[in-house]
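User: I would like to learn how to read a few features of a structure. Please show it first.

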Protein chains: 2
Amino acid sequence: MSGTAQRLLDLAEDHIRNAGYNGFSFRDLASEIGIKNASVHHHFPTKAGLAAAVARRYTDRFLTFVADQADSGERDVVSIYRSAFREAFARDGRMCLGGVLGAETGGLPIEVAEEIRDFFHRLTDDLSKRIGGRGSKKQALRVLATLEGAMLMARATGDISTFDQATAALV
Amino acid sequence: MSGTAQRLLDLAEDHIRNAGYNGFSFRDLASEIGIKNASVHHHFPTKAGLAAAVARRYTDRFLTFVADQADSGERDVVSIYRSAFREAFARDGRMCLGGVLGAETGGLPIEVAEEIRDFFHRLTDDLSKRIGGRGSKKQALRVLATLEGAMLMARATGDISTFDQATAALV
DNA sequence: GTCTATAATTTGATAGAC
DNA sequence: GTCTATCAAATTATAGAC
């Protein structure tokens, strides 16, 4: 994967988290990176393919982060998930990519919708296994729902304290 | 407000809940209602104005539903909110309008973003007052976040049991 | 209130030169 | 890997007739 392709993934991720799948164009990416629209198509022939690649990378990176934190000695897995969501919002004030695309699922190309479905399935499985015991799946779903919803509300109100208050009872 | 305008609000609400603000066009609405694109502009001069009207009506209707349920004798306000969200999803399999637009806030015209911010502020205030007591605001935020996130995940995975499991502990 | 017609712009995508 | 040039289609929006 070339450096330009990496930068395109980064930019596309940023745009999707800000305004959704239909909230940016190839020309936006091209102008921000200093190339032309046609050159973007050289790296990613279709917009759907680009978005699917962004989603896959996002999921992989998220789960790698969780695994690294767990290996680093942090034992409370819910705290790991909570800080992963919170730091992403605090850094750039944007939504979770999975949350944005999940919300507009009905308008997505099928290959993108499938990646988002996988995002939630993989996170649910991972968190459930790390929690362990009876009812761990239900608990994982509740934690993920609260984190996604809290992020969404913080985004909509522009107030990170919304996230902190909504998720305080999780840890 | 004419019958055509009402139908346009209904259709626009449906499209937004399915695919977001940029997921439909005036021509979509026109063709589904059996008129021409220009006639839509007669009722709603701009797309931003239409979406803002949809959001305002959605918020008003939601809070009216909650008040009616409370007046009808249902005492558990969290159950009222939970069933309001659940029935909306079960009926047509779509997201909460506030949730969809909240997620893509960064790409919205300012007048629409303001209506969505109001949606969350008004629901938080209403639920907080109905819960009452110390920590009721924090509790209201947690409940709303869980419901929105659970709906988002049910939408992304296409599985309503995701909503049920994620929100089971609320009631 | 609806229509035809059209403007002005943007979009996703392709062909072919360098 | 990037470019110029371009296409075909879609978009939001307006003017003016009926």
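User: How many salt bridges does a search of the whole structure find over all chains?

Analyst: Side chains of opposite charge can pair when their charged atoms come close. A salt bridge here is a side-chain nitrogen of Lys or Arg within 4 Å of a carboxyl oxygen of Asp or Glu. The search finds 20 over all chains. One is Glu13(B) with Arg61(B), whose closest N and O atoms are 2.9 Å apart. Glu13(B) lies in helix α1 (residues 3-19) of chain B and Arg61(B) in helix α4 (residues 47-71) of chain B, so this pair, 48 residues apart, links distant parts of the chain. Helices are DSSP runs (H or I, at least four residues), numbered from the N terminus.

This is a predicted model: local features need pLDDT of at least 70, side-chain atom pairs count only at pLDDT 80 or more, and totals for chains, interfaces and linings use all residues. Residues are numbered from 1 along each chain as its sequence is written, chains are lettered from A and ligands numbered from 1 in the order written, and side-chain values use heavy atoms, without hydrogens and water.

User: What area is buried between chain B and chain A?

Analyst: The size of an interface is often given as the accessible area lost when the parts come together. Here about 3100 Å² is buried (accessible area, 1.4 Å probe, summed over both parts), and carbon and sulfur atoms give 70% of that. The contact (heavy atoms within 4.5 Å) takes 41 residues from chain B and 41 residues from chain A. The count of salt bridges between the two chains is zero.

Key. Buried area = accessible area lost by both parts, 1.4 Å probe. Helix = DSSP H or I, 4+ residues; strand = E, 2+ residues; numbered from the N terminus.
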